[in-house]
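Visitor: I am new to reading protein models, and I would like to learn how to go from a picture to careful statements. Could we take one feature at a time?

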Amino acid sequence: MAFVQRRKGPDVVGLFGLLQPLADGSKLILKEPISPSSANFSLFRMAPVATFMLSLVARAVVPFDYGMVLSDPNIGLLYLFAISSLGVYGIIIAGRSSN
């Protein structure tokens, strides 16, 4: 896809593409923010942050290696379902705050 768009692909940026997330993050931060004029600004900006943080918190039960996990694997599936269901609230808050 990068060849069709005449740009460098993620495997070319940095060592094995490790700098691609930094490039994407800096591009996202430096872009001009667009928000509806009648939006509740604080909720509209907080909704993606909440969704992203919940997706990061859900990774706490994913094992790194055999026997290496941050939490108890017996309750991990229940935890994963609970946290992933809370991620929907970020989308609902974003829609509600934009009127």
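Visitor: Let me begin near an end of the chain: where does Asn 99 lie?

Guide: Please keep in mind throughout that this is a predicted model. Asn 99 is placed in the segment that follows helix α4.

Visitor: Is Asn 99 buried or exposed, and how would I decide?

Guide: The decision rests on the relative accessible area, where a value over 50% counts as exposed and a value under 20% counts as buried. Asn 99 has a relative accessible area of 71%, and therefore it is exposed.

Visitor: Which residue is 62 residues away from Asn 99 in sequence, and how far apart are the two in space?

Guide: That residue is Ser 37, and the C-alpha atoms of Ser 37 and Asn 99 are 9.6 Å apart. Ser 37 belongs to the loop between α1 and α2, and with a relative accessible area of 82% Ser 37 is exposed as well.

Visitor: What is the overall plan of the chain, in terms of helices and strands?

Guide: The chain contains 4 helices and 0 strands, which gives the pattern α-α-α-α when one reads along the sequence. Of its 99 residues, 14% count as buried. Among the contacts between residues at least 6 apart in sequence, 43% join residues that are at least 24 apart.

Visitor: How should I describe the way two helices pack?

Guide: Two packed helices are described by the angle between their axes together with the distance between those axes. In this chain, the axes of helix α2, residues 41-58, and helix α4, residues 88-97, come within 8 Å and cross at roughly 170°. An angle over 145 degrees counts as roughly antiparallel, so α2 is roughly antiparallel to α4.

Visitor: Which residues of α2 and α4 meet?

Guide: From α2 come Leu 43, Phe 44, Ala 47 and Thr 51, and these meet Gly 90, Ile 91, Ile 93, Ala 94 and Ser 97 of α4. Sorted by character, the residues of this contact are 6 nonpolar, 3 polar and no charged.

Visitor: Ser 97 appears in that list, so may I ask whether Ser 97 is buried or exposed?

Guide: Ser 97, which lies in helix α4, has a relative accessible area of 4% and is therefore buried. Leaving aside residues up to four places away in sequence, Ser 97 touches Ser 38, Ala 39, Asn 40, Leu 43 and Phe 44. Ser 97 is also 56 residues from Phe 41 in sequence, while their C-alpha atoms are 7.6 Å apart in space. Phe 41 is in helix α2 and is exposed, with a relative accessible area of 53%.

Visitor: Where does the UniProt record place the feature "transmembrane region"?

Guide: The UniProt entry, which is unreviewed, places that feature at residues 41-62 and 74-94. In the model, residues 41-62 are 82% helix and 0% strand, and the end C-alpha atoms of that span lie 34 Å apart. Residues 74-94 are 95% helix and 0% strand, with their end C-alpha atoms 34 Å apart.

Visitor: What does the predictor's confidence look like along the chain, and which helix has the lowest mean pLDDT?

Guide: The chain averages a pLDDT of 80, and 86% of the residues score at least 70. Among the elements of the chain, helix α1, residues 20-30, has the lowest mean pLDDT, at 81, whereas α4 has the highest, at 89.

Methods. Residues are numbered from 1 along each chain as its sequence is written. This is a predicted model: local features need pLDDT of at least 70, side-chain atom pairs count only at pLDDT 80 or more; totals for chains, interfaces and linings use all residues. Side-chain values use heavy atoms; hydrogens and water are left out. UniProt positions are given in the numbering used here, feature names are shortened, and annotations may be inferred rather than shown by experiment. Helices (H or I, at least four residues) and strands (E, at least two) are DSSP runs, numbered from the N terminus. Axes are lines fitted to C-alpha atoms, for helices over the stretch in contact, and angles run from 0 to 180 degrees between N-to-C directions. Angles under 35 degrees count as roughly parallel, over 145 as roughly antiparallel, 65 to 115 as roughly perpendicular and the rest as oblique. Contact means heavy atoms within 4.5 Å. Ala, Val, Leu, Ile, Met, Phe, Trp, Tyr, Cys and Pro count as nonpolar, Asp, Glu, Lys and Arg as charged, and the others, Gly among them, as polar. Buried means under 20% relative accessible area, exposed over 50%, partly exposed in between (1.4 Å probe, protein chains only). pLDDT is the predictor's confidence in each residue, from 0 to 100.
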